[in-house]
Amino acid sequence: MPHFSPKEVEGLDPNLVQMLERARGFAGVPFIITEGVGSGGHHVINSAHQRGLAVDIRCSGSHDRMKVVSAALITGFKRIGVYDKHVHLDVDPSLPQDVMWTGVSS
Ligand SMILES: [Zn+2]
């Protein structure tokens, strides 16, 4: 687990953690997980978080956003939410695949 502490990935699906590690390697910029399994914000309407299948990565600059999103695509994430202050990545198989949406961070 070179990039994330156990606390950061606590409760997350192991497959998601593995994909995050790979994406982090591609991105070359820090991945600061602002929300893993938690409540509040857009998680109320996003059940992937509650099931440990999603993370939000803090990201407010256009350069870092580009790095995070392109790394996520290379890694094979098929559900990506691009928000003004974070990028949401999830691997929930029960939700639509090959989607990218935009939103405003709460
Ligand atoms: Zn999220």
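Biologist: What pattern does the protein follow, read along the sequence?

Modeller: Read from start to end, the pattern is α-β-α-β-α-β-β-β. Keep in mind that this is a predicted model.

Biologist: How many helices and strands is that?

Modeller: The protein has 3 helices and 5 strands.

Biologist: And how many of the residues count as buried?

Modeller: Of the 106 residues, 43% count as buried.

Biologist: What share of the contacts with a separation of 6 or more comes from residues 24 or more positions apart?

Modeller: That share is 49%.

Biologist: Let's talk helices. How do α1 and α3 cross?

Modeller: Helix α1 covers residues 14-27, and helix α3 covers residues 62-75. Their axes come within 8 Å. They cross at roughly 125 degrees.

Biologist: Why do you give both an angle and a distance?

Modeller: Two packed helices are described by the angle between their axes and the distance between the axes.

Biologist: Are α1 and α3 oblique or roughly perpendicular to each other?

Modeller: They are oblique. The roughly perpendicular range is 65 to 115 degrees, and roughly antiparallel starts over 145. The angle here, roughly 125 degrees, falls in neither range, so the pair counts as oblique.

Biologist: Is the crossing left-handed or right-handed?

Modeller: The crossing of α1 and α3 is right-handed.

Biologist: Which residues make the contact?

Modeller: From α1, they are M19, R22, A23, F26 and A27. From α3, they are K67, A71, I74 and T75.

Biologist: How many of those are nonpolar, polar and charged?

Modeller: The contact has 6 nonpolar residues, 1 polar and 2 charged.

Biologist: New topic, rings. How many aromatic pairs are there?

Modeller: The count comes to 1 aromatic pair. The rings belong to F4 and F31. Their centres are 6.5 Å apart, and their planes sit at 45 degrees.

Biologist: Why is the pair called tilted?

Modeller: Stacked planes are under 30 degrees apart, and edge-to-face planes are over 60. The planes of F4 and F31 are at 45 degrees, so the pair is tilted.

Biologist: Where do F4 and F31 lie along the chain?

Modeller: F4 is in the segment before α1. F31 is in the loop between α1 and β1, a strand covering 33-35. The two are 27 residues apart, so to speak in distant parts of the chain that the pair links.

Biologist: Are those two buried or exposed?

Modeller: F4 counts as buried, at 3% relative accessibility. F31 counts as buried too, at 5%. The cut-off for buried is under 20%.

Biologist: Stay before α1 for a moment. Where does L12 lie, and is it buried or exposed?

Modeller: L12 lies in the segment before α1. L12 is buried, with a relative accessible area of 9%.

Biologist: What does L12 contact, leaving aside neighbours within four places in sequence?

Modeller: L12 is in contact with V17, L20, G36, V37, G52, A54 and V55. Its C-alpha is also 6.2 Å from that of L53, which is 41 residues away along the chain.

Biologist: What about P14?

Modeller: P14 lies in helix α1. P14 counts as exposed, at 63% relative accessibility. P14 and G52 are 38 residues apart in sequence, with C-alpha atoms 9.1 Å apart.

Biologist: Now the other end. What is the phi of D98?

Modeller: Phi of D98 is near 55 degrees, a positive value in a residue other than glycine. Most residues other than glycine have a negative phi.

Biologist: Where is D98, and is it buried or exposed?

Modeller: D98 lies in the loop between β4 (86-90) and β5 (99-103). D98 is exposed, with a relative accessible area of 62%.

Biologist: Which residues does K78 touch, not counting those up to four places away in sequence?

Modeller: K78 touches Q97, D98 and V99. The C-alpha atoms of K78 and V99 are 6.2 Å apart, with their positions 21 residues apart in sequence. K78 lies in the loop between α3 and β3 (79-83). At 41% relative accessibility, K78 counts as partly exposed.

Biologist: Last one. Where is V104?

Modeller: V104 is in the segment after β5. V104 counts as exposed, at 66% relative accessibility. Leaving out residues up to four places away in sequence, V104 touches Y83 and D84.

Note on methods: Residues numbered from 1 in each chain as written. Predicted model: local features only at pLDDT ≥ 70, side-chain atom pairs only at ≥ 80, totals over all residues. Heavy atoms only, no water. Axes fitted to C-alpha atoms, helices over the stretch in contact; angles between N-to-C directions. Helix = DSSP H or I, 4+ residues; strand = E, 2+ residues; numbered from the N terminus. Parallel < 35°, antiparallel > 145°, perpendicular 65-115°, else oblique. Left-handed = near helix turned anticlockwise from the far one by under 90°. Contact = heavy atoms within 4.5 Å. Nonpolar A, V, L, I, M, F, W, Y, C, P; charged D, E, K, R; others polar. Phe/Tyr/Trp six-rings, centres within 6.5 Å; stacked < 30°, edge-to-face > 60°. Buried < 20%, exposed > 50% of the residue type's maximum accessible area, 1.4 Å probe, protein only.
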